[in-house]
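Biologist: I've got the sequence and the model open side by side. Let's go through it one question at a time, and keep the cut-offs explicit for me.

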Amino acid sequence: MSKQQQDDIENWLSDLIAEILEIPPSKVDRTKRFDRYGLDSVAAVSVTGMLGKHLGRDLDATAMYDYPTISTLSRYLAESMEAEGIKAESMEGAPQ
Amino acid sequence: MSTLPNPGASAKAIQFHYDIGNSFYALWLDSSLTYSCALWDDHDTLEAAQRAKIDYHIEKSRARGQARVLDIGCGWGSTLHRLTSNAGVRSATGLTLSQEQAAYIGQQRWPGVHAHVESWSDHVPSAPYDAIISIGAFEHFAKLDQSPKDKIEGYRGFFRRCHEWLPPGGCLSLQTMAYENSTRADFSPFFASQIFPESDLPRLSEIASASERLFEIVSMRNDRAHYARTSLEWRRRLLRRRLEAVALIGEDAVARYDKYLQLWAIGFHIGTMGLLRLQFRKLEPARLH
Ligand SMILES: C[S@@+](CC[C@H](N)C(=O)[O-])C[C@H]1O[C@@H](n2cnc3c(N)ncnc32)[C@H](O)[C@@H]1O
């Protein structure tokens, strides 16, 4: 389930980076560091802003530095969203 | 004692940022309206971390129990209030270039607290001060277009004044952002034109050379991670009150603050900027010139 989620985020991010860099999505390397693509802090703010909107959750721009590639950032997000989902479920099921 | 030309940001440039509206800042700063890097250490609320930061500077300036304390760049007065209400200080004087801030402090009617709309460079005290604190204002004491020599000379004017106003062995506790792994050339045009006009950051080496033979540096902390956390916390609070913020200052201005707080968080997180807390002790006797 989290793998599916991770793939979805990866695909969405690759498309976005391809659009920003004006290259075909197939040319985007998901293990290359964002800064190697020439993305600076202003780009990090707009990428995390758009990504946050897409996922319907708030995302700190610093996440792009803690998880500096498409694949590590996607994995982190998928895992943390799954953890939050599990937390929400178990809270719903908790005795009142 | 004559006054000096203000080497840093003009009152107009300061008011551009700080006078956008007290109720806007009240939406996302903590309830004491402290607008500078907090000290998180063992604290996990913004409120507590701001108080800890203020107490840190009260301790380092040795202000506790003193008669007269000066706060240079006093914001909305959180340090002044803590000095008189908690640290046993009889009289706390604050300087700010923001009219809104001074008006707010006046409205509080805090006993023993006085705020003036005046640059440190124009300040002529009626009597010396026992301790001096300056938090998050030094970032406004130089301009990007100054030569490196003029920049240090401007800072030195500040340290000279503090030196004149303190008793032998008196302390100044200073907190400021600084260039860390970056230079003036990296100063973002977005900040220079839309957030903090007429302002430049110091380097630690410039602070050291500007204070040489006037003060000795007794202690220093670089807490840049604390500012990354403070900026992100401010932004979260701003987003939570987004609609009210938009109603007060408009969509574009809120977007500007959102972007600035995120860029700051990144800068402190990756170390392009540092956050220095420095304790200075007056050197005696000093050869001033
Ligand atoms: C970021 S605020 C910090 C306020 C407060 N110290 C705090 O921590 O909440 C910067 C303050 O510095 C003041 N300031 C800037 N330049 C100044 C100058 N030349 N003389 C006195 N105050 C100045 C501003 O008016 C503002 O109150």
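Biologist: How much accessible surface does chain A have?

Modeller: Ground rules: this is a predicted model, where local features need pLDDT of at least 70, side-chain atom pairs count only at pLDDT 80 or more, and totals for chains, interfaces and linings use all residues. Residues are numbered from 1 along each chain as its sequence is written, chains are lettered from A and ligands numbered from 1 in the order written, and side-chain values use heavy atoms, leaving out hydrogens and water. The area comes from Shrake-Rupley with a 1.4 Å probe, and for residues only the protein chains shown count as cover. Carbon and sulfur atoms own 51% of the accessible surface of chain A, and the total is about 5700 Å².

Biologist: What pattern does chain A follow along the sequence?

Modeller: Helices (H or I, at least four residues) and strands (E, at least two) are DSSP runs, numbered from the N terminus. Chain A has zero strands and four helices. Read along the sequence, that gives α-α-α-α.

Biologist: What share of chain A is buried?

Modeller: Buried means under 20% relative accessible area, exposed over 50%, and partly exposed in between, with a 1.4 Å probe and protein chains only. Chain A has 96 residues, and the buried share is 40%.

Biologist: Which residues does A:S74 touch?

Modeller: A:S74 sits in helix 4 (residues 70-93) of chain A, and counts as buried because its relative accessibility is 0%. Touching here means contact, that is, heavy atoms within 4.5 Å. Leaving out residues up to four places away in sequence, the partners of A:S74 are A:Q6, A:I9, A:E10 and A:L13.

Biologist: How much area is buried between chain B and chain A, and which three residues of chain B supply the most?

Modeller: Buried area is the accessible area (1.4 Å probe) that two parts lose on being put together, summed over both. The contact takes eleven residues from each of chain A and chain B. The buried area is about 970 Å², with 66% from carbon and sulfur atoms. Three residues supply 45% of what chain B buries against chain A, more than any other three: B:Q262, B:I266 and B:H269.

Biologist: How many salt bridges are there between chain B and chain A?

Modeller: A salt bridge here is a side-chain nitrogen of Lys or Arg within 4 Å of a carboxyl oxygen of Asp or Glu. Over all chains, the structure holds 21 salt bridges. Between chain B and chain A, the count is two.

Biologist: Why does the pair of A:D60 and B:R236 join two chains?

Modeller: The side chains of A:D60 and B:R236 meet in a salt bridge at 3.2 Å, N to O. A:D60 lies in the loop between helix 2 (41-55) and helix 3 (63-66) of chain A, while B:R236 lies in helix 9 (residues 224-240) of chain B, so the pair joins two chains.

Biologist: What are the N to O distances from B:R235 to A:D58 and to B:D258?

Modeller: B:R235 is buried, and so is B:D258. Across the chains, B:R235 and A:D58 meet at 3.6 Å, N to O. Within chain B, the B:D258 and B:R235 salt bridge has an N to O distance of 2.5 Å.

Biologist: How many residues apart are B:K151 and B:E206?

Modeller: B:K151 counts as buried because its relative accessibility is 2%, and B:E206 is buried at 13%. Their side chains meet in a salt bridge at 2.9 Å, N to O. B:K151 lies in helix 6 (residues 148-165) of chain B and B:E206 in helix 8, so the pair ties together parts whose separation in sequence is 55 residues.

Biologist: Which helix gives the most to the largest nonpolar core?

Modeller: A nonpolar core is a set of buried Ala, Val, Leu, Ile, Met, Phe, Trp, Tyr and Cys residues joined through side-chain atoms within 4.5 Å. The largest has 84 residues, and those touching the most other members include B:W28, B:F191 and B:W264. Nine residues of this core come from one helix of chain B (residues 251-270), helix 11.

Biologist: Which residues form the nonpolar patch on the surface?

Modeller: Patches take residues with over 30% relative accessible area and no salt bridge, joining nonpolar side chains (Val, Leu, Ile, Met, Phe, Trp, Tyr) within 5 Å and like charges within 9 Å. One member lies in helix 8 (residues 204-211) of chain B and counts as partly exposed because its relative accessibility is 35%. Together, the patch has about 230 Å² of accessible area, from B:L204, B:I217 and B:M220.
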